[in-house]
Amino acid sequence: MRARHCMIVLLLGCNITFSLGFLDVVVAVASYVFDKLFKTDGLLPFNRTRLQADFDKSLYGQHIVSDVVPKSVSFFMTDKNPNKPLVLSFHGTAGTGKNHVAKIIARNVYKKGEKSKHVHTFISQFHFPHQENVHMYSAQLKQWIHGNVSSFPRSMFIFDEMDKMHPELIDIIKPFLDYNYNVDGVSFHTAIFIFLSNAGGNVIVDLALDFWRKGKSREELRMNSSKLETKISKDIFNGNSGFLHSSLIDHHLIDHFVPFLPLELKHVRQCVLAEMEHLEIPKNDDLADKVAQDMPYFPDEERIFAVKGCKSVRQKLVMHADE
Ligand SMILES: Nc1ncnc2c1ncn2[C@@H]1O[C@H](COP(=O)(O)OP(=O)(O)OP(=O)(O)O)[C@@H](O)[C@H]1O
Ligand SMILES: [Mg+2]
């Protein structure tokens with residue numbers, strides 16, 4: 001910071017000879033070079049208010065997630081001596097915000113957010129595609145987690161498509177999630193593990209649909225409504241997924257099974273407006289209605305929930321904006 005400050009002061013001193021426009025460019029270039037060379041890729045000072053505000057502003061239609069996730073992350077980040085890593089498992093149908101929430105957490109924990117080298121994302125079918133190589137993947141994954149946590153204890157590991165992950169790989173992760181696990185003096189208690197999957201999505205949809213048909217408000221849905229969390233864990237345990245054969249669930253190492261509700265038209269509309277802002281398209285409510293209505297909804301008769309959630313909203317918007 002000091003070096004950067006000095007550089008800017010020095011450059012400002014040149015103001016006598018340089019025009020302001022030129023100086024601006026020099027400062028911008030110097031600042032860019034400084035950031036590239038010296039900006040550390042560390043932790044942000046943790047701020048629970050900022051985290052909650054980010055959820056409130058950036059996540060639509062997920063009141064359970066907006067309640068459970070910031071609370072558990074905040075509790076964990078401010079716990080001076082956690083007895084196990086934070087382990088969250090996100091469940092829900094397509095485009096409901098699972099990756100989006102992992103990114104929100106990352107940008108509130110690391111200076112470089114999801115781009116931080118301390119955020120490690122694995123996508124089952126991309127990183128571990130061949131069944132016959134599973135032993136090799138297991139050894140590499142074990143080494144990768146151990147190596148990274150030993151050099152940076154507050155590392156974050158995101159496993160996408162967890163339901164398609166080979167059980168042997170899930171079992172490799174398991175000891176890292178456990179209480180009092182310690183290898184060669186390395187403790188994993190301050191690491192964060194996030195699992196993403198569509199497993200359990202149908203249980204969540206059925207309950208949301210049931211609430212809707214009974215005329216109950218969506219916001220009345222809670223983690224413990226009709227034992228939702230237990231139902232999700234049972235569903236993924238009994239379902240045909242990698243979780244089934246792994247010993248992750250029966251060892252109770254997952255702190256929360258977090259349900260992502262299917263999104264309604266009004267939430268998709270909010271996503272369209274957010275994309276407009278992102279793409280610097282002037283705000284247009286009629287266009288937002290048009291794009292949101294153009295997305296597919298289910299069940300066929302009632303058309304309540306968006307089939308793809310907010311996925312491909314940007315692509316739809318671009319098509320309509322050009323008309
Ligand atoms: N609830 C939401 N609130 C705000 N934006 C959302 C929400 N859900 C999805 N989005 C937007 O849609 C994009 C796609 O969502 P995301 O990738 O998080 O879905 P997903 O739940 O991981 O789906 P999948 O199961 O298909 O991988 C996000 O990048 C985000 O812009
Ligand atoms: Mg996803």
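## A valine in helix α13

Val 291 is found in helix α13, which covers residues 285-293, in a model that is predicted. Because 26 other C-beta atoms lie within 10 Å of Val 291, and 20 or more are enough for a residue to be called buried, this valine counts as buried.

Once residues up to four places away in sequence are set aside, Val 291 touches Val 272, Val 313, Lys 316, Leu 317 and His 320. One of these partners, Val 313, is 22 residues from Val 291 in sequence, and the two are 7.6 Å apart in space when the distance is taken from C-alpha to C-alpha.

## The chain as a whole

The protein chain contains 14 helices and nine strands. Of its 323 residues, buried ones make up 34%, and Val 291 is one of the buried residues.

If we look at contacts in the protein chain with a separation of 6 or more, 76% of them are accounted for by residues 24 or more positions apart. The pair Val 291 and Val 313, with their places 22 residues apart in sequence, can be kept in mind as an example of two residues that touch.

## An enclosed strand, β6

How many of the six residues of strand β6 are buried? Six of the six, from residue 192 to residue 197, are buried, and the strand is therefore largely enclosed by the rest of the structure. Ile 192, Ile 194 and Leu 196 point one way from β6, whereas Phe 193, Phe 195 and Ser 197 point the other way, and the residues of both groups are all buried.

Strand β6 pairs with β1 in the parallel sense, over six bridges, and in this pairing Phe 90 stands opposite Leu 196 in β6. Strand β3, which covers residues 156-160, also runs parallel to β6 and is joined to it by four bridges; here Met 156 stands opposite Ile 192 in β6.

## Two neighbours in sequence, Gly 97 and Lys 98

Gly 97 is found in the loop between β1, residues 86-91, and helix α5, while Lys 98 lies in helix α5 itself. Gly 97 is buried because it has 25 other C-beta atoms within 10 Å, and Lys 98, with 25 C-beta neighbours inside 10 Å, counts as buried too.

Leaving aside neighbours within four places in sequence, Gly 97 is in contact with Leu 59, Gln 62 and Phe 260. On that basis, Lys 98 is in contact with Phe 90, Gly 92, Leu 196 and Phe 260, and two of these partners, Phe 90 and Leu 196, stand opposite each other where β6 is paired.

## The surroundings of ligand 1

Around ligand 1 there are 20 residues, of which Ala 94, Gly 97, Lys 98, His 100 and Cys 310 come nearest. Helix α5, residues 98-109, gives the most to this shell, with three residues. By character, the residues of the shell divide into eight nonpolar, ten polar and two charged.

Why can ligand 1 be said to lie between domain 2 and domain 3? Both domain 2, residues 48-259, and domain 3, residues 265-321, give residues to the shell, so the ligand lies between them. An unreviewed UniProt entry lists Gly 92, Thr 93, Ala 94, Gly 95, Thr 96, Gly 97, Lys 98 and Asn 99 under "binding site"; Ala 94, Gly 97 and Lys 98, which appear in that record, are also among the residues that come nearest to ligand 1 in the predicted model.

Note on methods:
Residues are numbered from 1 along each chain as its sequence is written. Chains are lettered from A and ligands numbered from 1 in the order in which they are written. This is a predicted model: local features need pLDDT of at least 70, side-chain atom pairs count only at pLDDT 80 or more; totals for chains, interfaces and linings use all residues. A residue is near a molecule or strand if its C-beta atom, placed from the backbone, lies within 6 Å of it. Ala, Val, Leu, Ile, Met, Phe, Trp, Tyr, Cys and Pro count as nonpolar, Asp, Glu, Lys and Arg as charged, and the others, Gly among them, as polar. Domain bounds come from an automatic or database domain assignment. UniProt positions are given in the numbering used here, feature names are shortened, and annotations may be inferred rather than shown by experiment. A residue is buried if 20 or more other C-beta atoms lie within 10 Å of its own, exposed if 12 or fewer, and partly exposed in between; C-beta atoms are placed from the backbone. Two residues are in contact if their C-beta atoms, placed from the backbone, lie within 7 Å. Two strands pair if DSSP finds at least two bridges between them.
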